[in-house]
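Hi,

Here is the structure I said I would pass on. Have a look at it first, and then read my notes below.

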Amino acid sequence: MLDFHLSVQPKTEQRLKIILSSVEDEESFAQSIIDDQIARLQRSILNLRLDLRVFEQKYQITSEKFYQEFSQGILADEEDFMIWAGLYEMLGQNEIQLQKLR
């Protein structure tokens, strides 16, 4: 049994209470929230990979190799590289979060 507290605005609390009052199977409800988050992460990962591919094609280097060189200071702090590094880090964070939820 999980018992937790959420700090939300009164309107959000009211809306959640309405939803929860109509839930017959709390396990299925909780699982649907987890499944939704998994689906969101999967979509985000796909979109990030597509964005990374654009940089990989433009600079003819994999994101992994780019990030290694960027992190070591081998590459300059150009705007494209800053964006690319941020996207790569987001991808890693999302992949970790997805693994935790599976």
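Is Glu69 buried or exposed? This is a predicted model, and in it Glu69 has a relative accessible area of 17%, under the 20% cut-off, so Glu69 counts as buried. You will find Glu69 in helix α3. Apart from neighbours within four places in sequence, Glu69 is in contact with Ile61, Ile74 and Leu75.

Now for how α3 sits against α4. Helix α3 covers residues 63-71 and helix α4 residues 79-101; their axes come within 10 Å and cross at roughly 115 degrees. The two helices are therefore roughly perpendicular to each other, and the crossing of α3 past α4 is left-handed.

If you want to pull up the contact itself, select Ser63, Glu64, Phe66, Tyr67 and Phe70 on the α3 side. On the α4 side they meet Phe81, Met82, Trp84, Ala85, Tyr88 and Glu89. Sorted by class, that contact has 8 nonpolar, 1 polar and 2 charged residues.

A few words on α4 too. With 23 residues at 1.5 Å a residue, α4 should span 33 Å, and its end C-alpha atoms are indeed 33 Å apart, so the two values agree. Its buried residues are Asp80, Phe81, Trp84, Ala85, Leu87, Leu91, Asn94 and Leu98. As for what covers them, α2 (26-59) and α3 are included.

Cheers

Definitions and conventions
Residues are numbered from 1 along each chain as its sequence is written. This is a predicted model: local features need pLDDT of at least 70, side-chain atom pairs count only at pLDDT 80 or more; totals for chains, interfaces and linings use all residues. Side-chain values use heavy atoms; hydrogens and water are left out. Axes are lines fitted to C-alpha atoms, for helices over the stretch in contact, and angles run from 0 to 180 degrees between N-to-C directions. Helices (H or I, at least four residues) and strands (E, at least two) are DSSP runs, numbered from the N terminus. Angles under 35 degrees count as roughly parallel, over 145 as roughly antiparallel, 65 to 115 as roughly perpendicular and the rest as oblique. A crossing is left-handed if the near helix is turned anticlockwise from the far one by less than a right angle, and right-handed if clockwise. Contact means heavy atoms within 4.5 Å. Ala, Val, Leu, Ile, Met, Phe, Trp, Tyr, Cys and Pro count as nonpolar, Asp, Glu, Lys and Arg as charged, and the others, Gly among them, as polar. The expected span of a helix is 1.5 Å times one less than its number of residues. Buried means under 20% relative accessible area, exposed over 50%, partly exposed in between (1.4 Å probe, protein chains only).
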